[in-house]
Amino acid sequence: MPAFRCRCIRRLASVFFAAMTWASHASAAERDPDADWKMNVPNGYRQTYEDEGRTLVLTPANPEQFLIRFTYHSLKAYVKERPKVGREFIEHLAAKKGLKTFPVDGNGGVAYVEPPVVTEQDGGRVQETAGSLGLDDAYVTFTVVIDEAALSDPAVKELLQSGLPVLLGRIRN
């Protein structure tokens, strides 16, 4: 039993220090008011920006549950030649990876989600899921990081079952 307690204390400490490092870094980064995109963030989520507003980091009220990073990539320079360049790019990328795309309600985009990968991180195990959303003139890459201990949490289950497409639909450019 002492080994289990020690492992739990180490995991809590690593989550705390990671959160403190992330919070100090993220609070220093403000969103560029001229950024080309935005997200209608649901109530109860915390949001910060990185990379001069290109990356939005979301966490629920309990940040130990999960963390999602959305990074915006503009393709406006190519829209004259290909009006739906972002959607086409994501459809091509998904086909190349052997993944199916799905329509995203709310913004008319198309997205795919890769199978989750479990890795060791700071002495604990996390599940990482990546994917991309294609809009007409942009694409958004995203990564969902979930502590394996939180996978049975109802909020995490909701995110994995239907919440991610809803969040993707809240992205606008």
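This is a short tour of a predicted model, one selection at a time.

**Start with confidence**

Colour the chain by pLDDT. The mean is 82, and 80% of the residues reach 70 or more. Now select residues 3-34, where the pLDDT is below 50. Beyond near neighbours in sequence, that stretch has 28 contacts in the model. We'll leave it there and move on.

**The strands S4, S8 and S9**

Pick strand S9, residues 138-147. Is S9 enclosed or open? With 8 of its 10 residues buried, S9 is largely enclosed by the rest of the structure. Add strand S8, residues 124-135. S8 and S9 run antiparallel, joined by 10 bridges, and they make a hairpin with 2 residues between them. To see the pairing at one spot, show Val 126 in S8, which stands opposite Asp 147 in S9.

Next, bring in strand S4, residues 66-74. S4 pairs with S9 too, in the antiparallel sense, over 9 bridges. A handy pair to display here is Ile 68 with Val 144 of S9, which stand opposite each other.

**On to S6 and S5**

Go back to S8 and add strand S6, residues 109-113. These two strands are antiparallel partners over 4 bridges. Tyr 112 and Ser 132 of S8 face each other across the pairing. S6 is mostly covered, with 4 of its 5 residues buried.

Now select strand S5, residues 102-104, which pairs with S6 in the antiparallel sense over 3 bridges. Val 104 sits opposite Gly 109 of S6. S5 and S6 form a hairpin too, with 4 residues between them. Look in the turn for Gly 106, whose phi is positive, about 110°.

**A stop at Ser 132**

You met Ser 132 as the partner of Tyr 112; now centre the view on it. Which residues does Ser 132 touch, leaving out those up to four places away in sequence? They are Ile 90, Val 110, Ala 111, Tyr 112, Val 140, Thr 141 and Phe 142. Ser 132 is buried, because its relative accessible area is 4%, and the cut-off for buried is under 20%.

**Helix H2 and its two sides**

Ile 90, one of the contacts of Ser 132, is also a way into helix H2, where it is among the buried residues. Select residues 85-97 to see all 13 residues of H2. From first C-alpha to last, the helix reaches 18 Å, close to the 18 Å expected at 1.5 Å a residue.

Colour the buried residues of H2: Val 85, Gly 86, Ile 90 and Ala 94. Why are they on the same side of the helix? They cover an arc of only 165° around the axis, and that puts them on one side together. As a rule, an α-helix has 3.6 residues a turn, so residues three or four places apart point the same way. The cover over the buried residues of H2 includes S6, S8 and S9. Turn to the other side of H2 and you'll find His 92, Ala 95 and Lys 96 exposed. Right after the helix comes Gly 98, with a positive phi near 75°.

**The nonpolar cores**

Switch to side chains. The largest nonpolar core has 26 residues. Which of them touch the most other members? Show Met 39, Leu 56, Phe 70, Leu 133, Leu 168 and Ile 171. The elements giving two or more residues to this core are S3, S4, S8, S9 and helix H3, residues 154-169.

Zoom in on Met 39. Not counting residues up to four places away in sequence, its contacts are Leu 56, Leu 58, Phe 70, Leu 167, Arg 170 and Ile 171. Then look for a second, separate core of 7 residues, which includes Leu 75, Ile 90, Val 110 and Tyr 139.

**Last stop: Gln 65**

Finish in the loop between strand S3, residues 55-59, and S4, where you'll find Gln 65. Is Gln 65 buried or exposed? Its relative accessibility is 10%, so Gln 65 counts as buried. Setting aside residues up to four places away in sequence, Gln 65 touches Pro 60, Val 145, Ile 146, Asp 147, Ala 150, Asp 153, Ala 155 and Val 156. For one more step, measure to Ala 155: the two residues are 90 apart in sequence, yet 7.8 Å apart in space, C-alpha to C-alpha.

Methods. Residues numbered from 1 in each chain as written. Heavy atoms only, no water. Buried < 20%, exposed > 50% of the residue type's maximum accessible area, 1.4 Å probe, protein only. Contact = heavy atoms within 4.5 Å. pLDDT = per-residue confidence, 0-100. Core = buried A, V, L, I, M, F, W, Y, C linked by side-chain atoms within 4.5 Å. Expected span 1.5 Å × (residues − 1). Arc of directions from axis to C-beta. Pairing = 2+ DSSP bridges.
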